[in-house]
Amino acid sequence: LKYNEEQVKRRKLYNQVQEAKGNIRVFCRSRPLSKQEVVAGCASVVDFDAAKDGELGILSHGSNKKTFKFDRVYTPKDDQVDVFADAAPMVVSVMDGYNVCIFAYGQTGTGKTFTMEGTEATRGVNYRTLEELFKIANERTETHSYSISVSVLEVYNEQIRDLLATETSKKLEIKQASEGFHHIPGIVEAKVENTREVWNVLQTGSRARAVGSNNVNEHSSRSHCMLCILVRADNLITGESTKSKLWLVDLAGSERLAKTDVQGDRLKEAQNINRSLSALGDVISALANKSSHIPYRNSKLTHLLQDSLGGDSKTLMFVQISPSDQDASETLSSLNFATRVRGVELGPARKQI
Ligand code: ADP
């Protein structure tokens with residue numbers, strides 16, 4: 001009986017994955033108003049009345065309401081479990097040989113790190129993903145042997161830093177292997193066999209991120225934090241092996257530079273962030289338009305993600321927003337970016353799950 005139930009569940013999941021195949025999907029998540037915002041008298045500009053239908057309204061300039069539609073819209077009441085339940089079918093497909101990319105986009109302070117990393121009490125997509133991969137590997141021991149490894153990187157000012165490395169002096173470059181896969185020679189790929197090992201690796205990565213920066217929060221808002229999960233699957237029945245890659249990315253903050261900050265290091269950082277986030281948008285548009293040239297090489301971010309953007313890979317974007325009236329213009333700009341991304345069909349016609 002248990003076997004049948006599992007089969008039904010797996011088939012359902014498989015169908016969901018098939019429907020999502022080749023598509024970019026966009027989930028929108030808003031954090032709640034913070035205590036400080038409430039105290040300061042900020043009002044929410046987000047209308048969640050049609051959130052169940054994937055719609056969200058932004059009230060701007062008094063009575064005007066602009067409506068957006070995404071594959072999912074979460075209200076601040078939806079928790080990490082609700083969010084991961086929707087992301088899981090994508091994640092699972094990496095165990096079947098697909099390349100997958102999940103990234104969180106949005107202004108600093110909107111919950112990108114909350115969604116991807118979470119906290120020990122409310123773990124996010126990164127940890128839950130690995131937990132799910134182990135679960136599947138354990139269910140399939142009779143037919144498959146899996147080997148899973150994790151790398152943790154940071155891209156800051158167009159430079160790649162290996163957050164699991166013990167020496168930091170090495171200059172890291174992206175190379176293309178003979179089978180077409182992109183990789184970074186010399187990068188640490190930590191083999192993980194259970195969730196405890198995963199938690200340790202993720203913690204090591206987080207700690208390394210803080211090293212060498214005066215202000216950890218500021219630094220992490222200006223760099224992309226990227227987790228790369230490599231899955232090697234050996235099919236014990238057919239003898240076939242597949243290698244697939246799952247990227248989980250907490251992007252740098254998408255906010256525009258304040259007019260008071262337009263010089264020096266801040267300017268350079270901001271230009272690099274702009275450049276990589278626009279490169280991401282450009283790659284996705286080029287894929288949508290079936291351009292003969294996809295400009296992956298315009299930024300380290302897109303170059304790294306190359307294997308997991310386009311082709312038959314699956315991409316999920318979380319667009320994170322703040323509900324506060326003070327952030328309304330950044331919110332609109334994030335939602336417009338996400339709409340541009342969602343307009344894309346990389347493969348067969350989209351069907352809503
Ligand atoms: P970002 O990574 O986009 O800069 P954070 O993840 O650091 O933003 O979130 C900013 C603050 O908002 C944190 O204190 C975080 O705990 C809180 N927060 C974000 N999303 C949620 C949510 N869905 N529910 C409750 N608190 C949240």
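A polar contact is taken here as a pair of N or O atoms within 3.5 Å. In this predicted model, threonine 110 makes the cut with a backbone N or O atom that sits 3.2 Å from an oxygen atom of the ligand. Glycine 111 also uses its backbone, placing an N or O atom 3.0 Å from a ligand oxygen. With threonine 113 it is the side chain that does the job: a polar atom there lies 2.7 Å from an oxygen atom of the ligand. On its own the ligand has 560 Å² of accessible area, and the protein covers 64% of that.

As for the rest of the surroundings, the shell takes in Arg29, Arg31 and Pro32, along with Gln107, Thr108, Gly109, Thr110, Gly111, Lys112, Thr113 and Phe114. Sorted by class, that comes to six polar, three charged and two nonpolar residues. Helix H4, spanning residues 112–116, chips in with three residues, the most that any element gives to this shell.

Away from the ligand, the loop between strands S7 (144–156) and S8 (159–162) is worth a look, starting with asparagine 157. Most residues other than glycine have a negative phi. Asparagine 157, though, has a positive phi, near 50 degrees. Glutamate 158 belongs to the loop between S7 and S8 too, and its phi is likewise positive, near 65 degrees. Is glutamate 158 buried or exposed? Its relative accessible area is 15%, and because the cut-off for buried is under 20%, glutamate 158 counts as buried.

Definitions and conventions:
Residues are numbered from 1 along each chain as its sequence is written. This is a predicted model: local features need pLDDT of at least 70, side-chain atom pairs count only at pLDDT 80 or more; totals for chains, interfaces and linings use all residues. Side-chain values use heavy atoms; hydrogens and water are left out. A residue is near a molecule or strand if one of its heavy atoms lies within 4 Å of it. A polar contact is a pair of N or O atoms within 3.5 Å; within protein, one must be able to donate a hydrogen and the other to accept it, and residues adjacent in sequence count only if both atoms are side-chain atoms. Accessible areas come from the Shrake-Rupley method with a 1.4 Å probe; for residues, only the protein chains shown count as cover. Helices (H or I, at least four residues) and strands (E, at least two) are DSSP runs, numbered from the N terminus. Ala, Val, Leu, Ile, Met, Phe, Trp, Tyr, Cys and Pro count as nonpolar, Asp, Glu, Lys and Arg as charged, and the others, Gly among them, as polar. Buried means under 20% relative accessible area, exposed over 50%, partly exposed in between (1.4 Å probe, protein chains only).
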